[in-house]
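Please open the model in your viewer and keep the sequence panel in sight. The tour proceeds by selection, and each stop describes what is found there.

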Amino acid sequence: MKKLSLIFLLSAFCLISCGEKATNASLENQETPKEVPNDGIDAEQRIKDLGITLIQPNAPTANYLKAKTLGNVVYLAGHGPDRPDGTQVIGKLGTELELEQGIEAARFTGISLLSSLKAEIGDLNRVKNIIRAQGMVNAAPDFKQHSQVINGFSDLMVEVFGEKGKHARAAIGMSSLPNNIAVEIDMIVELYE
């Protein structure tokens, strides 16, 4: 009888111990992505080093989402040039605004997009690639420097993410944008799995 009791106790101990190991392994797997960034870039630290303060994303102005994740891809809606003080860069390039102001507006738009992206995914180090961006510039008909304006956004993505910040893009001139904002940009981002 003592042998049977001893075998039962050892079996119960083994089950409990194995169960704890399985639970711990399961928790570890949930916290660790399948792919780990090995490019040596800490996007969160780079943002701090660049002196960038991410903003609190404002609510959508209509029936849409600021960001939507499908699998390991995040689609970000068009964002405008939100300044840290809550105002936006307003005006048309080529008449009301100079090229440098447009570049700054595109950079503010990039910060707004990064803010919404962080709100969606929690940690910018989960970004594997900035895949694509579409930049729209509120421009006079004779304005020709759309791509230089959107460089304000593109350069920021490379400053924050390095090579994985390089992306395909379009830089398009528009006769107007919502609320007369200077720039609107949307983007598609791939995450580590």
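Begin by selecting residues 4-34, where pLDDT (the predictor's confidence in each residue, from 0 to 100) stays under 50. For this segment the model has 2 contacts beyond four places in sequence, a contact being heavy atoms within 4.5 Å. Where pLDDT is low, the predicted coordinates should not be read in detail. Over the chain, pLDDT averages 87, and 80% of the residues score at least 70.

This is a predicted model, in which local features need pLDDT of at least 70 and side-chain atom pairs count only at pLDDT 80 or more, while totals for chains, interfaces and linings use all residues. Residues are numbered from 1 along each chain as its sequence is written, and side-chain values use heavy atoms, with hydrogens and water left out.

**Stop 1: the hairpin.** Select strands β1 (residues 67-70) and β2 (residues 73-79), which pair in the antiparallel sense over 4 bridges. Helices (H or I, at least four residues) and strands (E, at least two) are DSSP runs numbered from the N terminus, and two strands pair if DSSP finds at least two bridges between them. The two strands form a hairpin with 2 residues between them, and glycine 71 in the turn has a positive phi of about 65 degrees. Threonine 69 of the hairpin stands opposite valine 74 in β2.

Next, pick alanine 67 in strand β1. Alanine 67 is buried, with a relative accessible area of 11%; buried means under 20% relative accessible area, exposed over 50%, and partly exposed in between (1.4 Å probe, protein chains only). Beyond its neighbours within four places in sequence, alanine 67 is in contact with Val74, Tyr75, Leu76 and Glu120. Its C-alpha atom is separated by 6.9 Å from that of serine 116, 49 residues away along the chain.

**Stop 2: helix α3 and glutamate 44.** Select residues 99-121, helix α3, which has 23 residues and reaches 33 Å from its first C-alpha to its last, close to the 33 Å expected at 1.5 Å a residue. The expected span is 1.5 Å times one less than the number of residues. Glycine 122 follows α3 and has a positive phi, near 90 degrees.

Now show glutamate 44, in helix α2, which counts as buried at 17% relative accessibility. A polar atom of its side chain lies 2.7 Å from the backbone nitrogen of leucine 124. Among the residues in contact with glutamate 44 are Lys118, Gly122 and Asp123.

**Stop 3: helix α4.** Where does this helix bend? Select residues 146-161: α4 bends by about 35 degrees at glycine 152, the bend being the angle between axes fitted to the seven residues ending there and the seven starting there. The end C-alpha atoms of α4 are 23 Å apart, which agrees with the 22 Å that its 16 residues should span.

Buried residues of α4 include Val149, Ile150, Phe153, Leu156, Met157 and Val160. The buried residues of α4 pack against α2 (43-49), α3, β3 (127-138), β4 (168-174) and β5 (183-191). Glycine 162, with a positive phi near 70 degrees, follows α4.

**Stop 4: two asparagines.** Finish in the loop between β4 and β5, which holds asparagine 179 and asparagine 180. Most residues other than glycine have a negative phi. Phi is nevertheless positive at asparagine 179, near 55 degrees, and at asparagine 180, about 65 degrees. Asparagine 179 is exposed, with a relative accessible area of 65%, whereas asparagine 180 is partly exposed at 28%.

Technical notes:
A polar contact is a pair of N or O atoms within 3.5 Å; within protein, one must be able to donate a hydrogen and the other to accept it, and residues adjacent in sequence count only if both atoms are side-chain atoms.
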